[in-house]
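Hi,

Here's the structure I said I'd pass along. Have a look at it first, and then read my notes underneath.

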Amino acid sequence: MDTGLLVLRLVAGLLIAGHGVQKVSFRLGGNGLAGGTEEFRHDGFRGGRLTALAAGGSQIGADLFLAAGLLTPAAAMAAMGVMTVAGTVKWHNGLWVQNDGYEYPMVLVVASGVPALTGPGRWSADHVLGLTPWRLWVSVVAIVVGPVSGLLTRVLLHRPSVKEGTTQYAQAAD
């Protein structure tokens, strides 16, 4: 079980962290902070650079912690939040990834949440530091607050569509 949790944490955590690196830099095929900012604008979010920095920073920080198994419930909560936002962007395309749907973000939400429920395993920073096991309510809070925070982020930062498939952008609001 410990090996499985290690692999799950490393794969999910490093993939999401890499996605964050792409949002704020030219590494890993990213388009730099300007590209990340434009991606959020294209997806209908306000905030511009600040939104791209917050999303990229959250993905990088939370998921490096998740990969390491450090402060796992908090890391899982943040990872689930940012990937829930990603899922909302693709929601209108349906479930399946071949149609640019939300299948992949949903898998990463679930994969990020599992260590909050099971614990990160013996090969984790939490185990080394004696931070496990934690109480059940901590796990429940993490797996509920993570996706809910992502949905709230969507509600607060998303601009309403002018018509289907287009979004009005106001540079002054950024």
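Below is what turned up, starting with confidence and ending with one helix pair.

Keep in mind that this is a predicted model. The mean pLDDT for the protein is 90, and 92% of the residues score at least 70. Helix α6 (residues 125–128) has the highest confidence, at 96, while strand β2 (residues 166–167) has the lowest, with a mean of 46. The pLDDT is below 50 over residues 162–174, a stretch that still has 21 contacts in the model beyond near neighbours in sequence. Where pLDDT is low, don't read the predicted coordinates in detail.

On the overall layout: there are 7 helices and 2 strands, and the order along the sequence is α-α-α-α-α-α-α-β-β. The C-alpha trace spans about 50 × 30 × 30 Å along its principal axes. The radius of gyration is 17 Å, which agrees with the value near 16 Å for a compact globule of 174 residues.

Now the helix pair. Helix α4 (residues 72–90) packs against helix α5 (residues 103–118) at an angle of about 165°, and their axes are 8 Å apart. Angles over 145 degrees count as roughly antiparallel, so that is what α4 is to α5. Their crossing is left-handed. From α4, the contact residues include Ala76, Met80, Met83 and Lys90; from α5, Leu108, Val109 and Pro115 are among them. By type, the contact has 11 nonpolar residues, 5 polar and 1 charged.

Cheers

How values were computed
Residues are numbered from 1 along each chain as its sequence is written. This is a predicted model: local features need pLDDT of at least 70, side-chain atom pairs count only at pLDDT 80 or more; totals for chains, interfaces and linings use all residues. Side-chain values use heavy atoms; hydrogens and water are left out. pLDDT is the predictor's confidence in each residue, from 0 to 100. Helices (H or I, at least four residues) and strands (E, at least two) are DSSP runs, numbered from the N terminus. Contact means heavy atoms within 4.5 Å. Axes are lines fitted to C-alpha atoms, for helices over the stretch in contact, and angles run from 0 to 180 degrees between N-to-C directions. Angles under 35 degrees count as roughly parallel, over 145 as roughly antiparallel, 65 to 115 as roughly perpendicular and the rest as oblique. A crossing is left-handed if the near helix is turned anticlockwise from the far one by less than a right angle, and right-handed if clockwise. Ala, Val, Leu, Ile, Met, Phe, Trp, Tyr, Cys and Pro count as nonpolar, Asp, Glu, Lys and Arg as charged, and the others, Gly among them, as polar. The radius of gyration is taken over C-alpha atoms; the globule rule is 2.2 Å times the number of residues to the power 0.38.
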